[in-house]
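This report looks at two topics: aromatic rings and backbone angles. The structure is shown first.

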Amino acid sequence: MKTNKMRFNRLLALICVFALVFVFAGCKSKKEKPQPQKTEFEQGMTAKDTLAVKELVDKFFSYAKSKNFDEAAAMLYRNDLDKKGEPQQLDNEEMAEVKTMLESIPMVDYKIEYIKFDEYYANEVLCHVIIKKAEGDMPDITTKMFFKPVDYMGNWVLCLTNTEYGDKGVVRPDKRDSVERAYRKQQKADSEKK
């Protein structure tokens, strides 16, 4: 009888050990993965910078929604023409391409998904342009539009990021969801401070 009781106690102890191992392993896997290190430029960004970039994007879409395509296109720059990455306004042909693109999109509204700062010359804003509002079970019909805000001589300007102009986005496509979550979390924290 003692043998059976000892076996039972050993089995119970073994079960407890396995349970503890699984609990600790489960807790370990639920911990957030460490965030990539922020660049020195990114660490220097403040709510003022985010607000300045947001206001530029708002102004651009305000022009586009009111069909003032010349003013919208005149706000845009590109910074892929020289090694320093200095922003240069679009030439007439590029502005015409932008106006044609804006005219072809029946824009109803837009939403900023995230703003990601990295370096003065390489930042990214992802916007969802709403082409048609949701109806019934059908969600909004949207398209994506990327901007590349650049801190140039103390002011923010909007550069284009599409590959037509030789640029690529800052955020890898497989990382955009996590950047969006971090942006939303920061926006919520900033609004709670006020």
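## Two neighbouring phenylalanines

In this predicted model, Phe60 and Phe61 are both buried. Their rings form an aromatic pair of the edge-to-face kind, with 5.3 Å from centre to centre and 80 degrees between the planes.

## A stacked pair

Phe61 also pairs with Tyr110: the ring centres are 4.2 Å apart and the planes are at 20 degrees, so this pair counts as stacked. The cut-off for stacking is an angle under 30 degrees. Phe61 belongs to helix 3 (residues 47-65) and Tyr110 to strand 3 (residues 109-119), so their pairing ties together parts that are 49 residues apart in sequence. Tyr110, like Phe61, is buried.

## The aromatic cluster

Phe60, Phe61 and Tyr110 join with Phe147 in one aromatic cluster. The structure as a whole holds seven aromatic pairs, among them Phe60 with Phe61 and Phe61 with Tyr110.

## Positive phi angles in loops

Most residues other than glycine have a negative phi. Lys67 is not a glycine, yet its phi is positive, at about 60 degrees. Lys67 sits in the loop between helix 3 and helix 4 (69-74). Its relative accessibility is 59%, so Lys67 counts as exposed.

Met153, also not a glycine, has a positive phi of about 55 degrees. The loop that holds Met153 runs between strand 5 (141-152) and strand 6 (155-160). With a relative accessible area of 69%, Met153 is exposed.

Technical notes: Residues are numbered from 1 along each chain as its sequence is written. This is a predicted model: local features need pLDDT of at least 70, side-chain atom pairs count only at pLDDT 80 or more; totals for chains, interfaces and linings use all residues. Side-chain values use heavy atoms; hydrogens and water are left out. Rings of Phe, Tyr and Trp (its six-membered ring) pair if their centres lie within 6.5 Å; planes under 30 degrees apart count as stacked, over 60 as edge-to-face and the rest as tilted. Buried means under 20% relative accessible area, exposed over 50%, partly exposed in between (1.4 Å probe, protein chains only). Helices (H or I, at least four residues) and strands (E, at least two) are DSSP runs, numbered from the N terminus.
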